[in-house]
Amino acid sequence: MKTFIIFIFMAMYTLSGHSQKTTANLEEGTIVILTNINGEHYKHIDFPRKNFIIKRGALADFNSLAGTKLVIKEYKATKGTNQIALLSRQDDKPFFRFFSSVEANIEQAIESGELKMYLE
């Protein structure tokens, strides 16, 4: 009897976790905000490596980008269910003085907390 009750609670717990998945309405022109990261670098946003940024004479400070509003310019390609998009800054400034846009896996970046939706 105890195992049956434990089984029921475990089944309810796993089913409730799948029902909370949300999908964002992402299209070209959507504004997202770059958040501060916990680790060394962004995993789902394809920023250039630090040595490339430093060789061109810019500072490779990713923390200064936190809070920057980014615009989805276009969708490049899809890899299965992942959406690869081209992001640029809303104020039209380049990233690290030289890079006008970056690629990102939008859905995974939002799920991991690297990007968040901008609510007007």
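**A walk through the predicted model**

This is a predicted model. The mean pLDDT of the protein is 82, and 88% of its residues reach 70 or more. Confidence varies along the chain. Among the elements, strand β1, residues 31–34, has the highest mean pLDDT, at 91. Helix α1, residues 2–18, has the lowest, at 71. Over residues 18–23 the pLDDT stays under 50. For that stretch the model has one contact beyond four places in sequence.

Next, the overall layout. The secondary structure consists of three helices and six strands. Read from the N terminus, the order of elements is α-β-β-α-β-β-β-α-β. Contacts reach across the sequence: of those between residues at least 6 apart, 58% join residues at least 24 apart. The protein has 120 residues, and 30% of them count as buried. It exposes about 8700 Å². Carbon and sulfur atoms supply 54% of that area.

Now the interior. The largest nonpolar core has 23 residues. Those with the most contacts inside it are I45, F47, L87, F96 and L115. Several elements give two or more residues to this core: strands β1, β3 (69–79), β4 (82–89) and β5, together with helix α3 (106–112).

L115 shows how such a core residue is surrounded. Residues up to four places away in sequence are not counted here. L115 touches V32, I33, L34 and T35. It also touches I45, L70 and L87, as well as I106, A109 and I110. Two of these partners, I45 and L87, are themselves listed among the core residues with the most contacts inside it.

Turn to strand β5, which spans residues 102–105 and includes N105. Is N105 buried or exposed? The relative accessible area of N105 is 9%, so this residue is buried, the cut-off being under 20%. Which residues is N105 in contact with, leaving aside its neighbours within four places in sequence? They are H44, N82, Q83 and I84.

The surface has a nonpolar feature of its own. M1, F4, I5, F7, I8, F9 and M12 form a nonpolar patch there. Together they have about 810 Å² of accessible area. One of the patch residues, F4, is found in helix α1. Helix α1 is also the element with the lowest mean pLDDT, 71. The patch should be read with that value in view.

Terms used
Residues numbered from 1 in each chain as written. Predicted model: local features only at pLDDT ≥ 70, side-chain atom pairs only at ≥ 80, totals over all residues. Heavy atoms only, no water. Helix = DSSP H or I, 4+ residues; strand = E, 2+ residues; numbered from the N terminus. Buried < 20%, exposed > 50% of the residue type's maximum accessible area, 1.4 Å probe, protein only. Contact = heavy atoms within 4.5 Å. pLDDT = per-residue confidence, 0-100. Areas by Shrake-Rupley, 256 points an atom, 1.4 Å probe, with all protein chains shown as cover. Core = buried A, V, L, I, M, F, W, Y, C linked by side-chain atoms within 4.5 Å. Patch = residues over 30% accessible without salt bridge, like charges linked within 9 Å, V, L, I, M, F, W, Y side chains within 5 Å. Salt bridge = Lys/Arg side-chain N within 4 Å of Asp/Glu carboxyl O.
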